[in-house]
Amino acid sequence: MPHLVEFRNLFLLSFHERDPLAAEITSFGWRVHSARRPDNLSARFFSAGAMIAVIDARCASDDCFEAIAELSTSATEGGIAILALVDSSRHPPIVAQCYDSGATHYLDFADSNANLALSIKYAYRYVENFRGGAEHASHEQSLLTSADLQWSMAVDGVTEFWASDSLLKAAGEIDFKRYPATGIYRRLSEEERKRVRGAMGRLRDGARQAAVPHRLNGRAVIHHLHEAGDRIFGRIEYLANNEDMDDWTGRDLLSGLRNTAAARAWIRKKLEAGSQLSLLSIGIKNFRTINAAFGRQAGDQLLRIVGHRLMEQTQRQYAGSQLVARLDGQNFMIALADIQTSKVSAFANDLIGSVFYDLQFEGRSINPVARAGVAISNSNSSEKTLIRKAVLALAEATAADALPINFSTVTEADVHLEEALEEQLAGAMSRGEIAIAFQPQMKVATGQLVGAEALARWEHPEYGLLGASTLFAVAERAGVMESLSTQIHKQALSLAARWPQSLGFLRLSINVTASDLAAAGFDANMQKQIDNAGFAPDRLTLEITESELIGNLSASADILQRLRATGVRIAIDDFGTGYSSLSYLKELPVDYLKIDSGLTGDISGSPKDQVVVRSIIDMAHSLNLGVIAEGVETEGQLKTLAELGCEYFQGFLCAGPLSSDEFEAFALRSN
């Protein structure tokens with residue numbers, strides 16, 4: 001392989017938008033060396049072997065103009081181009097200020113026809129003319145890069161490795177003959193190796209460039225990576241100080257995006273500066289299912305691809321100040337400064353539509369279900385409450401199964417209440433504030449009591465009785481879902497086991513979450529809880545939401561089959577509101593379908609609802625499944641259900657959720 005790198009180098013300085021700008025410019029075919037601070041600017045520029053400097057001056061700060069002025073002498077004497085990126089709609093005098101500072105070119109993003117790729121081409125044409133033509137400029141670029149600490153290797157064959165003479169000299173004791181592609185990697189710390197693996201993963205998943213800070217023979221360096229064609233290229237840049245090394249603490253190693261701490265700091269600074277911020281909290285609703293179906297490697301790859309696409313699309317759709325970060329797990333955040341509120345909805349919809357499509361892993365399509373929560377700052381917003389609003393809006397969008405984007409309507413008081421509940425939940429569990437209520441289940445034909453569904457409540461000493469939806473939402477955000485679910489199951493089984501002998505015919509139904517099904521050894525732990533409580537397994541029904549079953553069909557079927565073999569029965573809850581993949585029911589060990597209350601609400605007066613419910617009941621009976629209708633409140637609804645052949649019902653027509661003592665009294669009277 002020829003040892004002269006064929007790419008043209010470009011130096012970028014952007015105080016706030018370095019990464020999205022670098023990614024965009026890389027897509028034009030340039031090898032970008034970027035910085036977000038002007039420290040040691042001239043040294044870094046010449047170290048980059050570049051002939052063009054792009055200075056992002058849209059913030060119109062004195063640092064921008066000082067950076068241009070520092071490089072302007074080289075522009076005059078050495079024939080380099082300085083392209084200033086400006087926005088005259090925000091700062092009308094900025095073009096003149098950049099010109100006075102020494103910029104040779106400018107691109108005004110206030111112009112709807114602004115074209116960054118074309119502007120860089122014009123700047124390079126200026127360099128070519130100054131240096132006597134394209135051939136001379138290309139030769140000088142080659143000479144500049146020949147002294148780089150650089151290497152390249154074939155994507156499919158690490159033995160096809162080349163290193164520049166300058167890198168071989170600087171490598172010290174690194175044995176490139178023995179370890180051609182991994183010589184440097186073998187000398188790194190474990191933390192530095194994690195950074196390398198994350199960066200290489202981003203390249204594999206489509207990122208055009210990545211950068212890794214580490215140490216080489218004791219000196220701080222930035223290792224720039226770039227993939228082109230069938231080769232990966234690397235270039236090492238020495239740092240004059242350790243600031244960029246420290247800056248990496250604000251990076252998520254998997255995606256390369258900023259992490260939660262860095263996002264909070266950026267948002268706080270923008271709010272303090274008086275900017276209005278629009279926050280989008282974006283999550284992948286079915287990420288657990290994807291991990292289970294494809295494996296964790298596919299899940300990690302999906303997060304890298306989504307992170308990279310979010311960064312690219314955000315930069316493409318909004319030219320203003322912006323932040324793209326990965327918060328935790330499958331959740332990302334985008335912050336836009338000073339975007340018109342009326343444009344946020346269109347931006348969010350376009351972003352979701354463009355990022356979450358045509359995703360594959362090893363030739364298999366991955367279909368992530370994206371949800372977004374949006375929060376817009378006001379004069380009283382803090383970074384903590386604003387992020388919280390966006391996260392709560394995302395939680396509502398994820399739970400609602402309605403529109404994919406939800407705008408926050410919560411108040412500051414609501415946010416503080418949610419925070420207080422999350423902090424208090426663990427203590428509430430240990431203090432016995434989590435109570436079990438039982439809602440009776442009856443035969444439609446005779447009105448006979450046949451069992452009860454166990455429902456969790458939080459008896460909060462200050463806010464009163466909090467329902468299951470609030471309780472589980474708080475538990476999910478507080479990270480105690482698994483322990484809460486286990487406690488609820490134990491309590492329900494223990495209380496039911498103490499029912500009088502005369503009620504020994506009653507069944508108990510308990511709810512199982514997606515987290516429960518995904519937990520290792522769930523079936524064995526459930527059997528242990530049943531045995532410890534002394535409750536007969538053939539009187540127990542596990543109710544599982546339809547989408548949670550079907551999302552991971554094979555694994556769910558195996559787990560439920562093992563439980564069913566002990567006598568436990570299985571019901572699909574809220575049927576008719578999720579995926580409704582009826583053909584899958586033949587493969588699952590299911591005994592009952594529960595018709596969601598949303599379908600039974602208007603059944604006595606709506607012919608369309610009757611048709612839907614009738615089809616569910618007929619389908620269930622054809623598969624030898626029983627049917628339970630939820631939310632029955634009127635005699636008319638009950639009569640219609642009887643006519644349609646539904647066997648069981650629950651709802652306020654019979655009784656709402658009852659305390660343990662109230663249910664026992666109710667059951668004895670019914671019996």
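Residues are classed here as nonpolar (Ala, Val, Leu, Ile, Met, Phe, Trp, Tyr, Cys and Pro), charged (Asp, Glu, Lys and Arg) or polar (the others, Gly among them). The model is a predicted one, in which local features need pLDDT of at least 70 and side-chain atom pairs count only at pLDDT 80 or more, while totals for chains, interfaces and linings use all residues. Residues are numbered from 1 along each chain as its sequence is written, and side-chain values use heavy atoms, with hydrogens and water left out.

Helices (H or I, at least four residues) and strands (E, at least two) are DSSP runs numbered from the N terminus, and two strands pair if DSSP finds at least two bridges between them. One open sheet has five strands in the order β2-β1-β3-β4-β5, with parallel pairing. Because β2 (30–35) and β5 (105–108) stand at its edges with a single partner strand each, one side of each is left without a neighbour in the sheet. The twist from one strand to the next averages 20°, where axes are lines fitted to C-alpha atoms, for helices over the stretch in contact, and angles run from 0 to 180 degrees between N-to-C directions. Within this sheet, β1 (residues 8–13) and β3 (residues 52–56) pair in the parallel sense over three bridges, and Leu 13 has Ile 55 of β3 as its bridge partner. Helix α1 packs on the sheet, in contact (heavy atoms within 4.5 Å) with β1, β2, β3 and β4 (81–86), and its direction makes about 170° with that of β2. Helix α5 also packs on the sheet, touching β1, β2, β3, β4 and β5, with its direction at about 155° to that of β4.

A further open sheet is formed by five strands in the order β12-β13-β11-β16-β17, and here the pairing is mixed. Its edges are β12 (322–328) and β17 (405–407), each with a single partner strand, so one side of each lacks a neighbour in the sheet. Strands β11 (residues 277–284) and β16 (residues 370–376) pair in the antiparallel sense over seven bridges, and Ser 281 has Gly 373 of β16 as its bridge partner. Two helices that pack on the sheet are α10 (residues 260–272), which touches β11, β12 and β13 (331–337) and makes about 140° with the direction of β12, and α12 (residues 296–317), which touches β11, β12 and β13 and makes about 10° with the direction of β13.

The empty space can be followed next, on a 1 Å grid over the protein atoms alone: a cavity is a set of points where a 1.4 Å probe fits but cannot get out, a pocket is an open set with protein on both sides within 12 Å along at least five of seven lines, and lining residues have an atom within 4 Å of a point. Grid points are joined across faces, edges and corners, and a volume is the space filled by probe spheres set on the points. The whole structure holds four cavities of 30 Å³ or more, and the second largest cavity has about 120 Å³ of space. Of its 14 lining residues, Asp 19, Pro 20, Arg 258, Met 311 and Val 324 are the closest to its centre, and the elements that give two or more residues to this lining are α1 (18–27) and β12. By class, the lining of the second largest cavity has five nonpolar, three polar and six charged residues. The second largest pocket holds about 700 Å³ of space.
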